[in-house]
Amino acid sequence: MEINIDKNSGFCFGVLNAISVAEKQLEKHGTLFCLGDIVHNNKEIERLSQMGLITINHSDLENLYNTRVLIRAHGEPPQTYNTAIKNNIEIIEASCPVVLKLQKRIKSAYKDMSSKGGQIAIFGKEGHAEVLGLLGQTDNNATVIGNNFSGIEKLNLNKPITLFSQTTQDKEAYEKLTELLKKKHQKNQNSEGESFRSFNTICGQVSNRGPRLAEFASQHDVVIFVSGKKSSNGKYLFNICAQKNPNSYFISDKYQLLPVWFSQVKKVGVCGATSTPMWLMEEVAREIEKLSEKT
């Protein structure tokens, strides 16, 4: 049996950088607080926890003083930094540069829209850490539009709209939303010709994975997709695999593998989300090899 690991799978740059920053801090200090899960993968969190990483939430942050706290790749709203200053907390910045750039763009666009009586719309997952950070740039006055386009009804189609996207959203869905909003806005705009603008702010490194993964899935008899259950990106990419190859299976670790999946199979592909560590995919591949020897 031939077992291949997708070379394009695994941590994106933002996650890789955040983990690297965390590891250096842990080597130097022994312990480090992280605001929220550093990555949506329990196995990687367990590894870093053993090194001394302590995951906290925003309520914990309010009662934390005189220490160091890592800001993960997803980014944070301004309020988090204000709390850190108030509590004498040293922020260890590991926000993804792509996310930080988007935060600045939204903050600038919000000032512009406010002066024109316009609105900011964000295509993203309600409650997602990155989206909360983006909302914070607008004093939580932006409208979040979900994957099913819920939230559109909250927009005033007679006023200017500037649309952005969470960096990890589906590119095709964003394009459909843009066309839909553009048509609705043009239909409802007043005689002054109020403007509609959209900016595709989806990370290229993430959006390019879909087509590559579809090709990878089609080249194998069975596809094992490794991801944490919390990962939105994992769910999105697995669906791409499943659509291209019905013999695709979603697992979080090697213990979920079933021997029956590999009976009379010649080629197996192992891949994962942007939050899946390469060491975990390698571990799964080794386990598949052991199972194939038994069948």
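## Sheet, helix packing and one loop serine

Strand 10 (residues 222-226) and strand 12 (residues 267-272) run parallel and are joined by five bridges. Within this pairing, isoleucine 224 has valine 270 of strand 12 as its bridge partner. The model described here is predicted.

The wider sheet comes next. It is open, has four strands and follows the order 1-12-10-11, with parallel pairing. Strand 1 (2-5) and strand 11 (248-251) stand at the edges. Each has a single partner strand, so one side of each lacks a neighbour in the sheet. From one strand to the next, the twist averages 20 degrees. Helix 10 (residues 232-244) lies across strand 10, strand 11 and strand 12. Its direction is at about 160 degrees to strand 11.

Two helix pairs can be set side by side.

| Helix pair | Angle | Axis separation |
|---|---|---|
| Helix 1 (residues 13-29) and helix 2 (residues 42-51) | about 20 degrees | 10 Å |
| Helix 5 (residues 97-116) and helix 6 (residues 129-136) | about 35 degrees | 8 Å |

Take helix 1 and helix 2. Helices that pack at about 20 degrees fall under the 35 degrees cut-off, so helix 1 is roughly parallel to helix 2. Their crossing is left-handed. From helix 1, Ile19, Glu23 and Leu26 meet Glu44, Arg47, Leu48 and Met51 of helix 2. By class, this contact holds four nonpolar, no polar and three charged residues.

Now helix 5 and helix 6. Their crossing is right-handed. Helix 5 supplies Val99, Leu102, Gln103 and Ile106, which meet Glu130, Gly133 and Leu134 in helix 6. The residues of this contact divide into four nonpolar, two polar and one charged.

Where does serine 195 sit? It is found in the loop between helix 7 (171-188) and strand 9 (196-198). Is serine 195 buried, partly exposed or exposed? Its relative accessibility is 32%, so serine 195 counts as partly exposed; the partly exposed class lies between the 20% and 50% cut-offs. Leaving aside neighbours within four places in sequence, serine 195 is in contact with Pro160, Ile161 and His185. Alanine 84 is 111 residues from serine 195 along the chain. The C-alpha atoms of these two residues are separated by 38 Å.

Terms used
Residues numbered from 1 in each chain as written. Predicted model: local features only at pLDDT ≥ 70, side-chain atom pairs only at ≥ 80, totals over all residues. Heavy atoms only, no water. Axes fitted to C-alpha atoms, helices over the stretch in contact; angles between N-to-C directions. Helix = DSSP H or I, 4+ residues; strand = E, 2+ residues; numbered from the N terminus. Left-handed = near helix turned anticlockwise from the far one by under 90°. Contact = heavy atoms within 4.5 Å. Nonpolar A, V, L, I, M, F, W, Y, C, P; charged D, E, K, R; others polar. Pairing = 2+ DSSP bridges. Parallel < 35°, antiparallel > 145°, perpendicular 65-115°, else oblique. Buried < 20%, exposed > 50% of the residue type's maximum accessible area, 1.4 Å probe, protein only.
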